[in-house]
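Me: I would like to learn how to read a structure such as this one. Please take me through it feature by feature.

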Amino acid sequence: MRDEAVREALQRAFADGSWGRYHGPHCDTLRQHLAELHATEFVSLCCSGTVAVELALRGVGVGQGDEVLLAGYDFGGNFRSIEAVGARPVLVDVDAENWNLAPRRLDEAWSPRVRAVIASHLHGGVVPMSEVVEFAERRGVAVVEDACQAPGATIEGRIAGTWGDVGVLSFGGSKLLSAGRGGALLTSHPEVRQRIKLFCERGNHAFPLSELQAAVLLPQLARLEQRNAARLAAARRILARVAKLPALGELVNRTQETSPGYFKLGLKYSAAALGGCPRESFIAAIQAEGVALDAGFRDFTRRSPKRCRHATSLEESRRAGQAMLVLHHPVLLESPEEVDRLGDALEKVVRVRRRRET
Ligand SMILES: Cc1ncc(COP(=O)(O)O)c(C=O)c1O
């Protein structure tokens, strides 16, 4: 997306020479603005959301021999980050309605080795965080809230990334706040922040966000709330069309006072409703209409029990891995006419496929 404010920020960073400095005003300002937005005490900037998840685990003290709970359907890097700190992933099924982590399954998955839970808000779904926090407090487990896909989202009246002991944001290429690469950690626990700081400190920051990256993030952060509201309105417009299509379903959030984040808009695909049309053929047909629709993540349900503990049945995670569709976010900031064209394209492909069936 062309963003004049980003161009101006780049020009300013060039003119004042901050683009080439180790330290400068932009990272400090970004930390401050993120802290204000999230009403959190400490913000650490780093080079990616992936590294931020690993740092978050280190920050809450996860290490060798520990277990970490995560959804059976999640960003693949989160599974790897758990392994990277020497811990073992423990798979918990996702909710049947929104295909995000199901907190009611956490107790089943708990063991005395469990040190933390990663809760990721994915594809416009949200994890009911009050239930995760209730579980974590009762069991003495840390919460890492992965808000990489949902910066500025609200869950049960509270901004995403602030529910857990530590929250994680991504500024990767194509994200809602993008610097091509980058990430951030939010926490109000001084000991968490201290562990993160010590791990990153090698005479210099080992996983830094640059001044130039911070410079381009600042104007985007200033518009985040307004853009999230526009994305929400567009997502609702699309979902109203989807509701009429038997082959597609919405990820349904049951939490109150919730405004999800839409890095991707997830949809549930039903091959059965289209005479068994494989998801990949459906995606190809939609893409041919110029729509940026893709398959979701691969689920973890086939990962070897040597690598992870399958702690609950993982039926819904498997289903999510097979049937999740994700619509990339840029169209959500287009005009209502453009959004309606997308709705037309979905309807057209469903209609053509159904006709073929009969
Ligand atoms: C849920 C989730 N967590 C973490 C990440 C990692 O972010 P990054 O691409 O900045 O490493 C992603 C990236 O897509 C993600 O979707």
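**Reading the model**

Reply: Glutamate 156 sits in the loop between β6 (154–155) and β7 (158–159). Keep in mind that this is a predicted model.

Me: What is the phi of glutamate 156?

Reply: Phi is a backbone angle, and its sign is the thing to read here. For glutamate 156 phi is near 50°, a positive value in a residue other than glycine. Tryptophan 99 is another such case, with phi near 55°. Tryptophan 99 is placed in the loop between β3 (88–92) and α5 (106–109).

Me: Are glutamate 156 and tryptophan 99 buried or exposed?

Reply: Read the relative accessible area against the cut-offs: buried means under 20%, exposed means over 50%, and partly exposed is in between. Glutamate 156 has 25% relative accessibility, so it counts as partly exposed. Tryptophan 99 has a relative accessible area of 4%, so it is buried.

Me: How many helices and strands does the protein chain have?

Reply: Begin with the count of elements, then look at the overall dimensions. The protein chain has 12 helices and 14 strands. Its radius of gyration is 21 Å, close to the 21 Å that the globule rule gives for 358 residues, so the chain is as compact as a globular protein of that length. The C-alpha trace spans about 70 × 55 × 35 Å along its principal axes.

Me: What share of the residues is buried, and what share of the contacts joins residues at least 24 apart?

Reply: Take burial and contacts in turn. Of the 358 residues, 56% count as buried. Among contacts between residues at least 6 apart in sequence, 72% join residues at least 24 apart. The accessible surface of the chain comes to about 15800 Å², and carbon and sulfur atoms account for 49% of it.

Me: Which residues surround the ligand?

Reply: To read a ligand site, list the shell and then sort it by class. The residues around the ligand are Ser48, Gly49, Thr50, Phe75, Leu122, Asp146, Cys148, Gln149, Ser170, Lys175, Gly182 and Phe297. By class, this shell has four nonpolar, six polar and two charged residues.

Me: Which polar atoms lie at short listed distances from an oxygen atom of the ligand, and how much of the ligand does the protein bury?

Reply: Check whether each protein atom belongs to the backbone or to a side chain. Glycine 49 has a polar backbone atom 2.8 Å from an oxygen atom of the ligand. For glutamine 149, a polar side-chain atom lies 3.0 Å from a ligand oxygen, and for serine 170 the distance from a polar side-chain atom to a ligand oxygen is 2.7 Å. Taken alone the ligand exposes 390 Å², and the protein buries 89% of that.

Me: Where does serine 170 lie, and what is it in contact with?

Reply: Place the residue in its element, then look at its surroundings. Serine 170 lies in strand β8 (residues 166–170). With a relative accessible area of 8%, serine 170 is buried. A polar atom of its side chain is 3.0 Å from the backbone nitrogen of glycine 172. Leaving aside neighbours within four places in sequence, serine 170 is in contact with Gly49, Cys148, Lys175, Leu177, Gly182 and Gly183.

Me: Where is alanine 179 found, and which residues does it touch?

Reply: The same steps apply. Alanine 179 is in the loop between β8 and β9 (183–187), and at 17% relative accessibility it counts as buried. Not counting residues up to four places away in sequence, alanine 179 touches Phe171, Gln213, Val216 and Leu217. Alanine 179 and leucine 209 are 30 residues apart in sequence, and their C-alpha atoms are 9.3 Å apart in space.

Note on methods: Residues numbered from 1 in each chain as written. Predicted model: local features only at pLDDT ≥ 70, side-chain atom pairs only at ≥ 80, totals over all residues. Heavy atoms only, no water. Near = heavy atom within 4 Å. Polar contact = N/O pair within 3.5 Å; in protein donor to acceptor, adjacent residues only side chain to side chain. Areas by Shrake-Rupley, 256 points an atom, 1.4 Å probe, with all protein chains shown as cover. Nonpolar A, V, L, I, M, F, W, Y, C, P; charged D, E, K, R; others polar. Helix = DSSP H or I, 4+ residues; strand = E, 2+ residues; numbered from the N terminus. Rg over C-alpha atoms; globule rule 2.2 N^0.38 Å. Buried < 20%, exposed > 50% of the residue type's maximum accessible area, 1.4 Å probe, protein only. Contact = heavy atoms within 4.5 Å.
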